[in-house]
Amino acid sequence: MRSGRIALPLALLAAIGLSLFAAACGGGDDGGKSGGAITGAGATFPQPVYDEWASRFKDDTGTAVNYQPIGSGGGIAQFTAGTVDFGATDSAMTDEELKAAQKKGQPVHVPTVFGAVTVAYNVPGLQKGLKLDGATVANMFLGKITKWNDPAIAALNPGVKLPSTSLTVVHRSDESGTTKLFTTFLADYSPEWKNGPGVDKTVKWPTGTGAKGNAGVAGGIKQTDGAVGYVEEAYALQNNFTTADVKNKAGKFIAPSLASTSAAGEGLKVPADLRFSAIDAPGPNAYPIASATFILVYEDVCKAGVEQKAAERVKAWLNYALGDGQAVAKTLQYAALPSPIRSGAETKVESLTCNGQPLQAAS
């Protein structure tokens, strides 16, 4: 009887011992993954691909990437304030924004993918592929073209039956890198736009209804007959939007696609700090409203206030983005980085430090 009373505690002790041993050795289901979490905020333009990357990255590493799609302006603001581990923007930081951020260290731009800003419309009876040029699109957003059968649209689309539907503009209401890319294109072809609303992440829109984020603009277009707006191609595809073929610098009308977005990245002159734009790229097959989107980190990640373990996870995340993530991007209609730009981005990531020492990626 005495030995029977002792057997149960011994079994429990053995089980507890095995459990503690497993915990001490990193046992369980994590398979030795690094785990933890990192936070980022910014552009809505790359949100679909970042969400997919984050899911796969967590599967691979156990690390959660908590990304807030609040717009490029908000991303730069949070990056500068040091409230996130990384920021994200569609348009490179201006000299003024760089100066503000340099209080914490030297910002580094890491291009991740190329995407297209589509001119999307919701006009019953009007098919995909309406031909538009920069001046005509600018006049739509200036409020000078108010009907879909306007002579300027008709002149670009001979033989197309255009409805007399009223044209309603939907634009971003938040600070947006997508807006800066789009208004850069408009200013290239319209002096009135350049000298009026101008080029920025937010402008004083002459007409239309504002909505927050690419998703908000997409929702506005979807709900409004006669609407026209600008959204990243992934959002246009998700909503089955009709999109325009836009006239490029070479004089060709180009549909937004993976191939034409990739073409916009070929042969660009890229500065050493990687702050570049591909808007109105010169290639004959380039879609004219396409560009890279960027992740922002500090050169010395830890001195900027990021804890070392989180800094190591950020580097692993960037390595994934520039590695396996490039093939994943194509499945969501984002173009992989051209080899020279990707190589430059990899060099930037490899040179990141933590308190003056080379930063190792979490494994």
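Q: Over how many bridges do E4 and strand E9 (residues 242–243) pair?
A: Ground rules first: this is a predicted model, where local features need pLDDT of at least 70, side-chain atom pairs count only at pLDDT 80 or more, and totals for chains, interfaces and linings use all residues. Residues are numbered from 1 along each chain as its sequence is written, and side-chain values use heavy atoms, with hydrogens and water left out. Strands (E, at least two residues) and helices (H or I, at least four) are DSSP runs numbered from the N terminus, and two strands pair if DSSP finds at least two bridges between them. Tyr121 has Thr242 as its bridge partner in E9, and the antiparallel pairing of E4 with E9 covers 2 bridges.

Q: Which residue of E12 is the bridge partner of His109?
A: E4 also runs antiparallel to strand E12 (residues 290–298), joined to it by 9 bridges. In that pairing, His109 is matched with Leu296.

Q: Which residue in E8 stands opposite Val119?
A: Strand E8 (residues 227–232) is antiparallel to E4, with 6 bridges between them. Opposite Val119 you'll find Tyr230.

Q: How many residues of strand E4 (residues 107–122) are buried?
A: Buried means under 20% relative accessible area, exposed over 50%, and partly exposed in between (1.4 Å probe, protein chains only). E4 is largely enclosed by the rest of the structure, because its buried count is 16 of the 16.

Q: Which strands stand at the edges of the open sheet E5-E10-E11?
A: The pairing in this sheet of 3 strands is mixed. Strand E10 (residues 245–247) runs antiparallel to E11 over 2 bridges, and Val246 faces Ile254 there. Each edge strand has a single partner, so one side of each lacks a neighbour in the sheet; the two are E5 (131–132) and E11 (253–254).

Q: Which helix gives the largest share of the largest nonpolar core?
A: A nonpolar core is a set of buried Ala, Val, Leu, Ile, Met, Phe, Trp, Tyr and Cys residues joined through side-chain atoms within 4.5 Å. The largest one holds 88 residues, with Trp53, Phe141 and Trp148 making the most contacts inside it. The largest share, 9 residues (308–322 being the helix range), belongs to H12.

Q: At what angle do helix H2 (residues 47–61) and H12 pack?
A: The helix axes, lines fitted to C-alpha atoms over the stretch in contact, are 11 Å apart. In contact terms (heavy atoms within 4.5 Å), H2 brings residues including Trp53 and Phe57, and H12 brings Trp317 and Tyr320 among them. By class, the contact has 8 nonpolar, no polar and 3 charged residues. With angles running from 0 to 180 degrees between N-to-C directions, the packing angle is about 115°.

Q: Is Asn157 buried or exposed?
A: Asn157 sits in the loop between helix H6 (151–156) and strand E6 (168–172). Leaving out residues up to four places away in sequence, Asn157 touches Leu130 and Lys131. Its relative accessible area is 5%, so Asn157 is buried.

Q: What is the relative accessible area of Gly305?
A: Gly305 belongs to the loop between E12 and H12. Its C-alpha atom is 30 Å from that of Ser291, with 14 residues separating the two along the chain. Gly305 counts as exposed because its relative accessible area is 62%.

Methods:
Nonpolar A, V, L, I, M, F, W, Y, C, P; charged D, E, K, R; others polar.
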